[in-house]
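Open the model in your viewer and keep the selection tool at hand. We will go stop by stop.

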Amino acid sequence: MSNNLLKGKRGIIFGALNEKSIAWKVAERAVEEGAKITLSNTPVAVRMGAVKALANKLNCEVVSADATNVADLENVFRKSIDVLGGKIDFILHAIGMSPNVRRRKTYDDLDYNMLDKTLDISAISFHKMIQSAKKLDAINKNGSIIALSYVAAQRTFYGYNDMADAKALLESIARSFGYIYGRESSVRINTISQSPTITTAGEGVKGMDKLYDFANRMSPLGNASAEECADYCIVMFSDLTRKVTMQNLFHDGGFSNVGMSLRAMATYERGLDEYRDENGKIIYG
Ligand SMILES: NC(=O)c1ccc[n+]([C@@H]2O[C@H](COP(=O)([O-])OP(=O)(O)OC[C@H]3O[C@@H](n4cnc5c(N)ncnc54)[C@H](O)[C@@H]3O)[C@@H](O)[C@H]2O)c1
């Protein structure tokens, strides 16, 4: 259902790869809410992925860019302003990738060249994006910039690996740049910390199915879906949240503030029972 929350606004959505992508859902919702948008992804993703199908469906243009390349990003802003007919009101950074995770390198055996890439793609690209936009004066007053994060920035999750460090940096960039851009041009910058979501990037995380299930059981409201994340992004792009900036906003059904749920405790106890012998003696635990 549309409430025309983004009527008359122009936006750029980075990171829609396929129908599962969170950015895909955000792009669909943004257009439904009255926005005009452009899409951006790497040249390879544009060639191999389904971005063009989304662009056809939403009647919008795709501008290829490697988000670690400043010249590419500047081109996205210039072309988007041209195509959309004016300065930009909102941006979604939905970009993440860790070569260490892909190559199954563990956190105590990281390849440092790969770590550089993880940080560049998943976090520093956010700085490059904002700095490029600011230098080109590409964003309207009261504009809104969002990147997607994960609670592993604050707490340790087995298997999330160097992406945890990338997310911590990403959230820090939102605070540091949010201060500068807010003070100078009333542009707000936030991160949304999303529940585990079954997407191409999500599936790369070791034990994702179990993590998804665990978070779902622990969260009083259950995991937030990609569609629900899109709804939250729309509110954050809209004029209803003009004084929210420099925040990491948890969108996780309450997961981040739960210590132990009754359901999880019961499951844990059942698991312990499996390690008792026939006399009830704990044999391992
Ligand atoms: N899926 C989850 O469980 C989850 C949870 C919390 C946060 N997030 C974050 O949400 C964001 C979107 O991920 P998703 O889950 O929708 O998966 P996804 O795989 O659909 O999206 C990741 C995107 O990053 C793009 N990308 C990779 N390298 C790039 C580069 N150099 N330049 C430009 N784009 C590049 C990919 O092409 C892809 O479109 C990521 O930042 C991810 O960390 C995901």
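The tour runs from the sheet to the helices and ends at the ligand.

This is a predicted model: local features need pLDDT of at least 70, side-chain atom pairs count only at pLDDT 80 or more, and totals for chains, interfaces and linings use all residues. Residues are numbered from 1 along each chain as its sequence is written.

**The sheet.** Select the strands (DSSP E runs of at least two residues, numbered from the N terminus). Seven of them form an open, parallel sheet, ordered β3-β2-β1-β4-β5-β6-β7. Strands pair if DSSP finds at least two bridges between them. At the edges are β3 (61-62) and β7 (248-251), each pairing on one side only. Now pick β6 (residues 188-194): four parallel bridges join β6 to β7. Thr191 stands opposite Asn248 in β7.

**Two helices.** Helices are DSSP H or I runs of at least four residues. Select α6 (residues 112-135) and α7 (residues 163-185): their axes are 7 Å apart, at about 15°. Axes are lines fitted to C-alpha atoms over the stretch in contact, with angles from 0 to 180 degrees between N-to-C directions. The pair is therefore roughly parallel (angles under 35 degrees). Contact means C-beta atoms, placed from the backbone, within 7 Å. Show Phe126 and Ile130, among the α6 residues that meet α7.

**The ligand.** Which residues are closest to the ligand? Select Leu17, Ser21, Gly96, Ala201 and Gly202, the closest of the 26 that surround the ligand (C-beta, placed from the backbone, within 6 Å). Finish on α8, source of the largest share of this shell, three residues.

Note on methods. Parallel < 35°, antiparallel > 145°, perpendicular 65-115°, else oblique. Contact = placed C-beta atoms within 7 Å.
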